[in-house]
Amino acid sequence: MDQYENLLVSSLRRSSVTSGRLPLLNEDIYHALFDLLDDQGDVSALMRSSWTLYFVGIKRLLRLGVSIYTDEELVGFCQFMARNLPRCADFLTSLFICIERNRIDNEILSRYTYELDDSDDSADLLEGAPLLLPTIAQCTSLQNLTIHFCEELLECDDRLMEAFASLTTLRQLRVSSFGLRTYDFVSTVRSPIVDIHVGCEALTQDVIWSQFLILPDPFIMLRQHCTTLERISLRAVDTTELFVYLDGTPLTVFPRVHTLAIGGSRVLERTVLVDAFPNLRSLEVINTVFDYLYMENPPTEEEAHEMNRDDEDEDEVWPYLDHLSGDADSLYVLGVNRPVGRLDIACDFRYDYVEHLHETIEDLHPPRLLIRRGYNQRGYDGAPGMLQIQPVELEDVLSSLLPAELHEITHFGLDVGIPGIGDTEPIRYQKAIVQLLSQLRIRFFAFRLHEVALEEEDEYEYGEPHSQQTQVVLAKFQGKFLAFWAARIAEAVPSLCFLAFHVMDREVYWDVARDARGAPVFTRVGVHAGREKTALEKMVWHRFSCRDPYCETLGSDYQSSKDDMSTESS
């Protein structure tokens, strides 16, 4: 808030404290005052200053969204809603529930992980679960619903599944932790869902996923929503032709879906995806599970690639596809062989990714290429991904491409994980990247350096002290060292016009021009203008949708305000 807004808030608070009542103002003014507040803690504090502001502030408090992480918070939320229903029913538009707990019905799953300890009270029924029933029934404006540990929540009360399925206003639905109750909920919910994420992982513990021979058929599960869905994100599903056509059921078509993300799943025949999602503009396929153990002669990655290349006329494959993302192996198997506008590749999973990376680039001819290396990714076998990067790997990452293919790239991005640099001198990586860029004729270069991948950055604690290794690396990518490196890049790439650096939570942007002798001339660009330029050039960093389960949060202000729902005005 600016100075005037702070004075207005403080004057209202002083007036209510000293006189015991608010000044007689139009109620619309109070609503406008609350609309200035973006922090739930601030809203709650102002609500507690008087009964009038308490009732006026309920709308703003709920409009900011509700996040619930414990059974106690669930009870407090339900009690708060019960006290204020039905007048606050229309105010709640976003609800996030993530109560970590063990599954009660664990008899079958225990063979894959562990025997549930009888003394572990984390599998007890949630006290707040039955209290949700009247609350959900009156949420007539709920549009965004996220439930992690969904199966564990639904099994606490048999009526919950039907209560959630009865919602008619949802537009976005995200669920993780899977079972029969969750399947029934997703497949029968009566809302016109537009955006859905379903994490079909069956367990809350690490597991060797190749042991699970049966993964859900997403086409049957989402059939009821085929006419409304536009964005789909799936984890741990099976899209193989042998599985989805097993009972002879025709494949469901989703004509409105333009964005599809599939991670940790069985993806083999591209024709299945093309037939089900004919109008894709953006496709992400990452961490594909190559365990077709139920097939008599499962194909190798190379055989799958050739099969997909030979199956269809490439001119008819996703004519609107503009953005493709994933890891090198998954995209290689998919075998798309037509130009796309942008390609994002995460190269964190194996050492021998380079050949598949090069073939994918050759097939797609992307003018915008973004590569991610050096973050600690984990596959479904629980094994850590590729961590340590040698400088020569960055220098040679595009080495086998022909000059004509390299020169098609006009925008290039490199996202490097600090864990991948290790103890190697950071200057060596800067020199390697300069050498890499010297092969290109790019106009735009974006560089990101961080301890965690972009999908995990929201949960990253910036206030914590960095490790010694991180401090050494960051010292070479800040201040005069960063400026010196930018100058070397511009000298090596005469076509360069713009530089965008994201180093941890700092952003630095430069326009690059040339003087009469061709020497680079730098103009520092502000953060806001730099972001606008990056968006205009379609080079905003990509968040992979199919991230690991249970690691999401909704809103950074939750921890400071998690008691708001259970505290009455004084």
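These exercises with worked solutions deal with a predicted model.

**Exercise 1.** Find the strands that pair with strand S7, and state whether S7 is mostly covered or open.

Solution.
- Step 1. Locate strand S7, which spans residues 259-263.
- Step 2. Look for a partner: strand S6 (residues 231-235) is joined to S7 by five bridges, and the two run parallel. One bridge pair across them is Leu-234 with Ile-262 in S7.
- Step 3. Look for another partner: five bridges also join S7 to strand S8 (residues 282-286), again in parallel. Here Thr-259 stands opposite Ser-282 in S8.
- Step 4. Check the cover: four of the five residues of S7 are buried, so the strand is mostly covered.

**Exercise 2.** Classify both residues of the salt bridge between Arg-181 and Glu-151 as buried, partly exposed or exposed, and place them along the chain.

Solution.
- Step 1. The side chains of Arg-181 and Glu-151 meet at 3.1 Å, N to O. The cut-off for a salt bridge is 4 Å, so this pair counts.
- Step 2. The pair links distant parts of the chain, with Arg-181 in helix H9 (residues 180-188) and Glu-151 in helix H7 (residues 150-154), 30 residues apart.
- Step 3. Buried means under 20% relative accessible area. Glu-151 has 3% and is therefore buried.
- Step 4. Arg-181 has 27%, so Arg-181 is partly exposed.

**Exercise 3.** Do the same for the salt bridge between Arg-309 and Asp-363.

Solution.
- Step 1. The N to O distance in this salt bridge is 3.0 Å.
- Step 2. Arg-309 belongs to helix H13 and Asp-363 to helix H15 (residues 354-364); the two residues are 54 apart, and the pair links distant parts of the chain.
- Step 3. Asp-363 is buried because its relative accessible area is 11%. Arg-309, at 25%, is partly exposed.

**Exercise 4.** Determine which helix gives the largest share of the negative patch on the surface.

Solution.
- Step 1. List the residues of the patch: Glu-241, Asp-275, Glu-302, Glu-303, Glu-306, Asp-310, Asp-311 and Glu-355.
- Step 2. Compare them with helix H13, which covers residues 301-311. This helix supplies five residues, the largest share.
- Step 3. Take one of them, Glu-306, which is found in H13. Patch residues need over 30% relative accessible area. Glu-306 has 43%, so this residue passes the cut-off, and it counts as partly exposed.

Note on methods
Residues numbered from 1 in each chain as written. Predicted model: local features only at pLDDT ≥ 70, side-chain atom pairs only at ≥ 80, totals over all residues. Heavy atoms only, no water. Patch = residues over 30% accessible without salt bridge, like charges linked within 9 Å, V, L, I, M, F, W, Y side chains within 5 Å. Areas by Shrake-Rupley, 256 points an atom, 1.4 Å probe, with all protein chains shown as cover. Lys, Arg positive; Asp, Glu negative; His and termini not counted. Charge placed at Lys NZ, Arg CZ, Asp CG, Glu CD. Buried < 20%, exposed > 50% of the residue type's maximum accessible area, 1.4 Å probe, protein only. Pairing = 2+ DSSP bridges.
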